[in-house]
Amino acid sequence: MFVGSLLAAALVAPVAMSAITAAVPDHPWGFSRIYNRTAMVAALVFMIVFRRHCGWPELRRLLGRGPRSQRAADVGVGMAAAIVSIACCMAWAFATDRLGPTLNEYHFFSTRTASTLVGGLVAAFIEESFFRGLMLASLTASLGFRAAALASSVAYSAVHLLSSDRGFVWQGYSVGAGLAYLWHALARHLEPAAVPPLIGLFVGGLVLAIVVRVTGSLYLAIGLHAGWILCFQVARHATRVLVEVPGTSPLATRHFLVGTGWAWVAIAASAALAVGWARVAHRDLS
């Protein structure tokens, strides 16, 4: 389904781009945005068509567990655990001259923090519902939890290879334009420096799968995920790396912090804190 939606988007996106350009010649959207939106629609269509195999009942169970106050508390605790753990590990990175402060003014950070918080919560809800809800549940039914957790975490890590490639120039409709874009978007990550961030994203996905398994709910995982997004995005603009970044791909530059050892420790520590709280606060954990 995941691969199918990418290939379907590669075929449909050039048609959609041509139609939009013909209707609105001065539209501001690049082909990367059209492709990503088309892939999202294609994935939704696949999930509806193959809904019997996509884990929808399990997703409803994961989202419906516990009273609303408990769900809100789980999200808040997950975010707090992420912030505390990453702050402690970042302090170590500062102390060992791996990170330093930037010279940006405070209002830059306050504005970015507010927008990242909202965006992080939305992104965390969507990604947790798909990867740790639908995908993990459907794969667990056929492969067992361990294999499903590994496979869904690989998919979660790999999807970051498809970040918008705004450098791709649309040159008019052709049957292979979508496939050309897909290859261009993937090929720019083909360097050794992209491997550590991919490992960090895989570790995060695996940790979140375990959290969902232990708690029987998505909300603690949503809080952790949103907290990670908030911390790493703000840190990317509020700090400067004092070691040489070994690559030039978007993964190596935008997600460099996620590929560091201290970030992996912070991810694991935040999950341990959150699950520890959940075990004490909710005795009915499955």
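**Helix packing and aromatic contacts in the predicted model**

The buried residues of helix H7 (residues 177-187) pack against two other helices, H1 (2-23) and H2 (31-49). In this predicted model, the residues of H7 that count as buried are Ala177, Gly178, Tyr181, Leu182 and Ala185. These residues lie on the same side of H7, because the arc that they cover around the axis is only 140°.

One of these residues, Tyr181, also takes part in an aromatic cluster, which is made up of Phe31, Tyr35, Phe168, Trp170 and Tyr181. In the whole structure, eight aromatic pairs are found. Phe31 and Trp170 form a pair of the stacked kind, with a distance of 5.1 Å centre to centre and an angle of 15° between the planes. This pair links distant parts of the chain, since Phe31 belongs to helix H2 whereas Trp170 is placed in the loop between helix H6 (145-158) and H7, 139 residues apart. The two partners fall into separate classes of accessibility: Phe31, with a relative accessible area of 2%, is buried, while Trp170, with a relative accessible area of 21%, is partly exposed. The value for Trp170 is to be read against the cut-off for burial, which is under 20% relative accessible area.

The rings of Phe168 and Tyr181 are arranged in another way, with their centres 5.3 Å apart and their planes at 80°, so this pair is edge-to-face. Phe168 is located in the loop between H6 and H7 and Tyr181 in helix H7, and the pair, 13 residues apart, again links distant parts of the chain. Both residues count as buried, Phe168 because its relative accessible area is 19% and Tyr181 because its relative accessible area is 1%.

A further helix contact is made by H9 (residues 219-238) and H11 (residues 261-281), whose axes are 11 Å apart and which pack at an angle of about 150°. The crossing in which H9 passes H11 is right-handed. From H9, the residues Leu220, Leu224, Trp228 and Phe232 take part, and they meet Trp262, Ala263, Ile267, Ser270, Ala271, Ala274, Val275 and Ala278 of H11. When sorted by class, the residues in this contact of H9 with H11 are 11 nonpolar and one polar, with no charged residues.

Helix H11 is also approached from helix H4 (68-95), in which Cys89 is found. Cys89 is buried, as its relative accessible area is 14%, and, when neighbours within four places in sequence are left aside, Cys89 is in contact with Trp262, Val265 and Ala266. Of these, Trp262 is also one of the H11 residues that meet H9. Ile267, likewise a participant in the contact between H9 and H11, is 178 residues from Cys89 in sequence, and the C-alpha to C-alpha distance between Cys89 and Ile267 is 9.7 Å.

Asp97 is situated in the loop between helix H4 and strand S1 (99-101). Most residues other than glycine have a negative phi, but Asp97, although not a glycine, has a positive phi of about 60°. With a relative accessible area of 53%, Asp97 is exposed.

Ser249, by contrast, counts as buried at 2% relative accessibility. The position of Ser249 is in the loop between strand S2 (239-241) and helix H10 (250-254), and its contacts, apart from those with neighbours within four places in sequence, are with Arg188, His189, Glu191 and Ala194.

Separations along the chain and in space were also considered for two further residues. Gly64, which is placed in helix H3 (residues 56-64), counts as partly exposed because its relative accessibility is 42%. Gly64 is 153 residues from Ser217 in sequence, and the two are 8.0 Å apart in space, C-alpha to C-alpha. Phe145, which is found in helix H6, is 51 residues from Pro196 in sequence, and the C-alpha to C-alpha distance of Phe145 and Pro196 is 25 Å. With its neighbours within four places in sequence left aside, Phe145 is in contact with Leu136, Thr140, Ala209, Ile210 and Arg213.

How values were computed:
Residues numbered from 1 in each chain as written. Predicted model: local features only at pLDDT ≥ 70, side-chain atom pairs only at ≥ 80, totals over all residues. Heavy atoms only, no water. Helix = DSSP H or I, 4+ residues; strand = E, 2+ residues; numbered from the N terminus. Buried < 20%, exposed > 50% of the residue type's maximum accessible area, 1.4 Å probe, protein only. Arc of directions from axis to C-beta. Contact = heavy atoms within 4.5 Å. Axes fitted to C-alpha atoms, helices over the stretch in contact; angles between N-to-C directions. Left-handed = near helix turned anticlockwise from the far one by under 90°. Nonpolar A, V, L, I, M, F, W, Y, C, P; charged D, E, K, R; others polar. Phe/Tyr/Trp six-rings, centres within 6.5 Å; stacked < 30°, edge-to-face > 60°.
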